[in-house]
Amino acid sequence: MSREHAPGPTGPTGPIEPTGPTGPTGPERRDEVVGEARWPMATAVVAAMVLTLLLPDDLRLAPVWVLPSVEGLLLLALIAGDPGRIDRRSSALRTVAVALVGVLALGAVWSTVQLVDDIIHDGAETASATSLLQTGGTVWAGTVLAFSLLYFELDSGGPGARAHHMPAAPALAFPQQLSPEISPPDWRPRFVDYLYLGLTNATAFSPTDVMPLAPWAKIAMAVQSLVSLLILGLVVARAVNVLA
C-alpha cells in the first residue's frame, strides 16, 4: 500500500510558504552590498583643496588654481562614475582615485620641502612667529589629509573592493581585525578610521594601534612620520627662536 503525504500547513490565505533552506531565506537570498558613504572622503578632499589655497605662493607646487582644479575634476569624475555610496569596482575609477591621492600627497610633500627650505634660508614666512605657525599648521594639516586619503584608497584594494570583500591579509591591520571578538560582525574600516590613522601617525611619529603589514604601507607611514617630524620640529623651534 502506498503512503500518502500529509498536506502541508495552511493559513487564512492558503498554504504557508517554507522558510527553511529552500525558502525565501535559503540559498537564493543574496546579501546586499552596502558601500561606504562618499561624503567623508569628498569633504576631506575639499578641505585639502582649501588648505592649498591658503598657502603662500612659494609653497605651492603650481599656480594657485592648478592643484585645486585638478583635484576637483578628479573628485567629480569619481562621483560621476560611482554616485551615491562607494561600491563600484572599476579599473578606470581605481586609476582616477589613485591619481587623486597621488596629486594630494605630492602637493603636501612639496609644500613641506619648501617650508623647510624657507626656515633654513630665512624665508618670508619665518619673519613672524604667527605667520610661521599658521603656515606650518596649514602644511601639516594638508599632509594629514593627504596621507589619510592615501591609506583609504590603497588599503585592501580601495573602498569599492572592501565593500564586496575584506581580504584575510590586509595591508593595514586595525584592532578590530586583530581581535575579531571585540568588533561587530562584517566590520570593515571606514574613512574615519584612516583619518585617525593619519592623525596619530603624524603626532606619535610611529604606528599606534594600526599595524602596517604590506611594504607600501610601511614606507608610506615612515614617510609621513618623517614629514610630520620635520614640520613640527623645525616650525616650533624656529617660532621659539623668533619670539626670543
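Residues 1-6 of this predicted model have a pLDDT under 50, and the model gives them zero contacts beyond four places in sequence. Another stretch, residues 16-31, also has a pLDDT below 50, but here the model does show 12 contacts beyond near neighbours in sequence. Keep both stretches in mind as you look around. For the protein as a whole, the average pLDDT is 85, and 86% of the residues score at least 70.

Now let's follow the chain. The protein has eight helices and four strands. Starting at the N terminus, you meet them in the order β-β-α-α-α-α-α-β-α-α-β-α. How do the parts of this chain come together? Among contacts with a separation of 6 or more, 71% are between residues 24 or more positions apart. Of the 244 residues in the protein, 42% are buried. On the outside, the accessible surface comes to about 13,600 Å², and carbon and sulfur atoms account for 66% of that area.

Next, step inside. In soluble globular proteins, nonpolar side chains tend to be buried together. Here the largest nonpolar core holds 38 residues, and those touching the most other members are Met41, Val45, Leu100, Leu104, Leu149, Tyr151 and Leu172. Two or more residues of this core come from each of helix H1 (39-54), helix H2 (66-81), helix H3 (91-120), H4, H7 and helix H8 (215-243). Which of these helices gives the largest share? That is H3, with eight residues.

Leu172 is a good place to pause in this core. Even without its neighbours within four places in sequence, Leu172 is in contact with Tyr151, Asp155, Gln177, Tyr194, Leu197, Val210, Met211, Pro212, Trp216, Ala217 and Met221. Apart from the largest core lies another one, of 14 residues, which include Leu55, Leu115, Val144 and Val227.

Helix H8 is worth tracing from end to end. Its 29 residues, at 1.5 Å a residue, should span 42 Å, and the C-alpha atoms at its ends are indeed 42 Å apart, so the two values agree. Several residues of H8 are buried, including Ala217, Met221, Gln224, Val227, Ile231 and Arg238. What lies over the buried residues of H8? The cover includes H3, H4, strand S3 (172-173), H7 and S4.

Charged side chains come next. Side chains of opposite charge can pair when their charged atoms come close. How many salt bridges does a search of the whole structure find? There are three.

One of them joins the side chains of Asp82 and Arg38, at 3.8 Å from N to O. These partners come from distant parts of the chain, 44 residues apart: Asp82 sits in the loop between H2 and H3, while Arg38 sits in the loop between strand S2 (14-15) and H1. Asp82 counts as buried because its relative accessible area is 4%, and Arg38 is buried too, with a value of 10%.

Another salt bridge pairs Arg60 with Asp57, whose closest N and O atoms are 2.4 Å apart. Is each partner buried or exposed? Arg60 is buried, with a relative accessible area of 10%, whereas Asp57 is exposed, at 63% relative accessibility.

A further salt bridge is formed by Asp122 and Arg238, with 2.6 Å between the closest N and O atoms. This pair also links distant parts of the chain, since Asp122 lies in the loop between H3 and H4 and Arg238 lies in helix H8, 116 residues away. Asp122 counts as exposed, at 51% relative accessibility, while Arg238 is among the buried residues of H8.

Finally, look at the backbone. Most residues other than glycine have a negative phi. Ser156 has a positive phi, near 55°, and its place is in the loop between helix H4 (129-154) and helix H5 (159-164). Ser156 is buried, because its relative accessibility is 13%. Phe205 also has a positive phi, near 60°. You can find Phe205 in the loop between helix H7 (191-204) and strand S4 (211-212). With a relative accessible area of 33%, Phe205 is partly exposed.

Key
Residues numbered from 1 in each chain as written. Predicted model: local features only at pLDDT ≥ 70, side-chain atom pairs only at ≥ 80, totals over all residues. Heavy atoms only, no water. Buried < 20%, exposed > 50% of the residue type's maximum accessible area, 1.4 Å probe, protein only. Core = buried A, V, L, I, M, F, W, Y, C linked by side-chain atoms within 4.5 Å. Contact = heavy atoms within 4.5 Å. Salt bridge = Lys/Arg side-chain N within 4 Å of Asp/Glu carboxyl O. pLDDT = per-residue confidence, 0-100. Expected span 1.5 Å × (residues − 1). Areas by Shrake-Rupley, 256 points an atom, 1.4 Å probe, with all protein chains shown as cover.
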